Structures are given as structure tokens and as C-alpha cells.
Amino acid sequence: MNTSEFLTIAGAIVPERAAVVFDGQTITFADLAERVNRLANGLSRLGVGQGDRVATMQVNTNQCIETYFAAAQLDAIYVPINFRAKTEELAQMLKISEPTCLLLGERYLPLVPESMQSSGEIIILDGDPVSSSTNYETLLTESSPDQLHFPEAGDEDTTVIMFTAGTTGVPKGVMLTHASFSSYLLATVEPADPDIEESNLITVPFYHIAGLQAALAAVYGGRTLVVMRQFDAGEWLHLVQENQANRAMLVPTMLKHLMEHPKFEDYDLSSLGVITYGAAPMPLEVIREAIGKFPGVRFINAFGQTETASTITMLPPDDHVLNGSQTEIETKLKRLTSIGKPLEDVEVDIVDEEGQSVAVGENGEIVARGSRMMAGYWHEESATQETMRSGWIYTGDLGYQDEDGYIYLSGRAKDFIKRGGEMVSPEEVEQVLRSHPLLDDAAVIGVPDVEWGEEVRAVVVSNAENTNEELIIEFCRDRLAGFKRPRSVIFVRELPRNVMGKVLKRDLREEFGYPVENRE
């Protein structure tokens, strides 16, 4: 199914319903369809056609959604770019994708290479145009409101190039097809219904797969999308109350900041029915507190990555209900540390280095296959072959599956620590560290060691002045095997994270990856 049909269907069923609420303005589905037509017609006049790339660099706005659907209408390829990218990173992504035009916020214009400014078409989403650039709203005003272009792309044609986070090396452009989105949404979302109204508060950036999937799901489902530029705990609480939001997607750090907000209890959040979380490991203490502080909310843990077009496993709401016997509650608490079970529309397996399935309880790499996996990396054949083998996507995530089918993460393959022939899972050590009452956050890295090859180092955020290295190491002594125990502890004010809440291990290794003396 061509994704442009999502808007066509919703526009026909609920044309007068609010499609987007952003920055004090409300855009109905009929208005959204017209704005998309105008933009597609304007982009076509600028030379955008089938297969051309249309890049955006902007915080979340209604324009990001409009640009996606306009590009799809032209059979062009949408390229959302991380608005936190620096000059060199932006230059890399533009060089890889070679967009015909670039739509961006005025503040990002100085980051654009001169070659793109002089030869490419620049469209300013806010503010006044400069030199050869065009103003977004002016382009719409000067274009026809009628749909003049009708897409012909099929399920297997690329509709999005989405760059990986780029925490290591040069970013790779993940090619996602129309099927990458439609097969997932058709299996999980009901189409627009005139009798059912819901609103979805979106804080996840649209350049991230979770953000874009959430936006397309809202359009297809006829849901009102309440858009935040960037996450702010106070604004989030206000928008939920003001718009009576029914759904939201959060990363663990966002959820934690909400509950720590001094006015959290002052807001009426009773409209919330579903909170989906993911993109980074969820500390057990945080989700357990959230279950108590958001009564009536059904929590969903969604796990996936860009290459899998978002969710491949899910921990459903029922597994977040902490009631029953003591044994049942303990089982539920254990499962809260998992990423749930595979969704019905994908196959998920855990394999060893030879690609063979491992036994229950044994660690291996998580692999997945199905109709919505990526088509490959844009102009990166060798990287594609390394990640896609025999139809399977090798995620780079390590984990194991228990006897009930729940999958537990062990860490990233590249982050695993090899100490004296033993494999140490950073996530296992981090879970223990986060359970210390004097620690707010923790990350674990491997550092060079002459005797053991690598040693375990903890980088932690403390909430008390009387915390010290010896206390932390001693705390781990009774909770971890000797080879897993940190041999050194670094205290920091906060851990470096990307916008999705993932700890930037590369940054930690660069700053704290020096060798350390062993302690027994």
C-alpha cells in the first residue's frame, strides 16, 4: 500500500477532524490534504520528481508531516535529518543522500555547505528567505490546492532514507519502503473512524523512526496529532491537560523527568489511556513508579530500530499490571526488564556467530525478518550485506529468550566487554548499579587492561555527597560474579545521551577509556 493513501483515506472519512495541533493552530485533515497538494505542486515546479530526495532539518512541526506526504505524492524520497547535527555531520548526510531540495529552519542555514546553498534548492520553513532560497508558506500560497500528481510507487519502492544515529563512524542511510510503514500500520492500527476520536501527543523527533511511525499511524487512524517541537516536561503536562491527549510515546528519561516535575500532581492527566515507551533501556524503578503515578494508563514497551522500521517486539499492557500472588508479582517485575515477545508480523530469532539458533536462556544476537524490514543502506552495498544475511536483519543487539518467550537484552555486540575470555554484558552491570539507592544513573564501558584484555569501568551519576568508588564496588561484590564487577568508578554530573535517551558510549569511551589498575 502506498503511504500517500493514509492521508487520502483519513481525509475522506474525517475531513473536518483536527489532524494536527501545533503552536496554537489547528489543521483539519481536509486542510492538511490541501497543504500537501500545494507543497507537492510547488516542489514539482522546483524540479522534484520520482526518486529525487527531499531533505528536511527542523524540530517537530506540521511542516515535517506535510513534507513527507508531499514527497510521497511525487514518488520522491523523504530524508529527515537530525536537527542536532553539526556542520560536518550535515555535510556527510547531504553528500550521501544528494537531495534535490532541502527544507530547514532558518537557524540551521549557516550549517549548510556552500555547495548546497549555491546549487541546491533551499526552502526556509520559518523566517525570511535569503539569497536563492524560498519561503515555505509563500511556496504553498503560489501553488495549486488541487492534487495534480498521483503516485505510482509500489510496496517495495523506497519512500524514506533515514540515517542511523551515527554514534560511531559515518552515518548510514537506511532505505525504508512503503511496505516498511504500511505493513506495520495495517497490522496494528485501525483506520479512521468517524465515531472514534483520539489524540496523540508526539514528543519523539520526526527524524527518528519512532516519531515518523507515530505520525503516520495517527494520520491513518484519523487521530489528532498534538505536536511538540522538542520535549519539555512542563509543556508536556500542559498539553496533555489542554488537549485531553489519549496517547503518548516517551523515552525513559522523559518519563523520569515528568514524574520529577515539581507540578506533576497539579495537572489532570486522566485522559491518558496509553503510554508507549522505548528507544532506550527502561530502569525497573522508573517504570514501576510510573505504573503507580499514572493510574488507568496502559503501558507498552516497544523495541525495534531504524533497520526494522520500528517495533519488532512488545511488552503489552497486561504485563505491566502488578497484581496477583507474590510469585506472580515477582514474575511480572522480572518481565518488566524484558522487551516482551515478537510481534505477529515479524520473525525474531536469537543466533550465535554462525547464524544458528541458540538454546533458551543462551545469549546471542537478535535477528529479524519480515515484509517491513529495510531494503538496505543507501549506496552502501558492503554494509547492507553485513547487516542483511539470508533474509535476516542482524540488529547488533544481544539478548536471550526465556522459557516463556520473553526476550531480554544483554547489550550491543560492539559494547560487550571481553575480560579474560569471559563476556560481560554492560546492561547486566548497569541494572545492578541503578539499583543502588545513592545512584541516579549508570553506564558501563570496557577499558584496556594488560592482564585481562579489558576491564569493567562504571560511569555513574550520584545523588549523594558521601558516595565513593569503594562503596559502589563493594555493592556490586555480592550481586555480580567477580569478573563482571567494576574495577573502577567514575562520577559525573550526567551521562551523555542522544535525543532518544540512549547513552553515547562512544563519548564515554573517548573521555574515560584510559587503562586502570586492577583491584581485587
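## Helices α1 and α2

Let's start with a pair of helices: α1 and α2 lie oblique to each other, because their crossing angle of roughly 140° falls outside the ranges for roughly parallel, roughly perpendicular and roughly antiparallel, the last of which needs an angle over 145 degrees. Keep in mind that this is a predicted model. Helix α1 covers residues 4–13 and helix α2 covers residues 29–45, and their axes come within 8 Å. The crossing of α1 past α2 is left-handed.

Which residues of α1 and α2 make the contact? On the α1 side they are L7, A10 and G11, and on the α2 side F29, L32, A33 and V36. Sorted by class, this contact has 6 nonpolar residues and 1 polar one, with no charged residues.

## Helices α7 and α8

Further along there's another pair to look at. Helix α7 (residues 178–188) and helix α8 (residues 209–220) have axes that come within 10 Å and cross at roughly 55°. That makes α7 and α8 oblique to each other too, since roughly parallel would need an angle under 35 degrees and roughly perpendicular one of 65 to 115. Here the crossing is right-handed.

From α7, the residues S180, F181, Y184, L185 and L186 take part, and they meet I209, L212, Q213, L216, A217 and Y220 of α8. The contact of α7 with α8 counts 9 nonpolar and 2 polar residues, and again no charged ones.

## The largest cavity

Now for the enclosed spaces. How many cavities of 30 Å³ or more does a search of the whole structure find? It turns up 3. The largest cavity has a volume of about 50 Å³.

Around the largest cavity you'll find T56, M57, Q58, N60, C64, Y78, P80, I81, F83, F206 and Y207. Strands β3 (53–57) and β4 (77–80) each give at least two residues to this lining. By class, the lining of the largest cavity has 8 nonpolar and 3 polar residues, and no charged ones.

## The second largest pocket

Finally, a look at an open space. The second largest pocket holds about 350 Å³. Its lining is made up of V351, D352, E353, N363, G364, E365, L398, A413, F416, K418 and M423.

What classes do the residues lining the second largest pocket divide into? There are 5 nonpolar, 2 polar and 4 charged residues. The charged ones are D352, E353, E365 and K418, while N363 and G364 count as polar.

Key
Residues numbered from 1 in each chain as written. Predicted model: local features only at pLDDT ≥ 70, side-chain atom pairs only at ≥ 80, totals over all residues. Heavy atoms only, no water. 1 Å grid on protein atoms, 1.4 Å probe; cavity = no way out; pocket = protein on both sides within 12 Å on 5 of 7 lines; lining within 4 Å. Points joined across faces, edges and corners; volume = space filled by probe spheres on them. Axes fitted to C-alpha atoms, helices over the stretch in contact; angles between N-to-C directions. Helix = DSSP H or I, 4+ residues; strand = E, 2+ residues; numbered from the N terminus. Left-handed = near helix turned anticlockwise from the far one by under 90°. Contact = heavy atoms within 4.5 Å.
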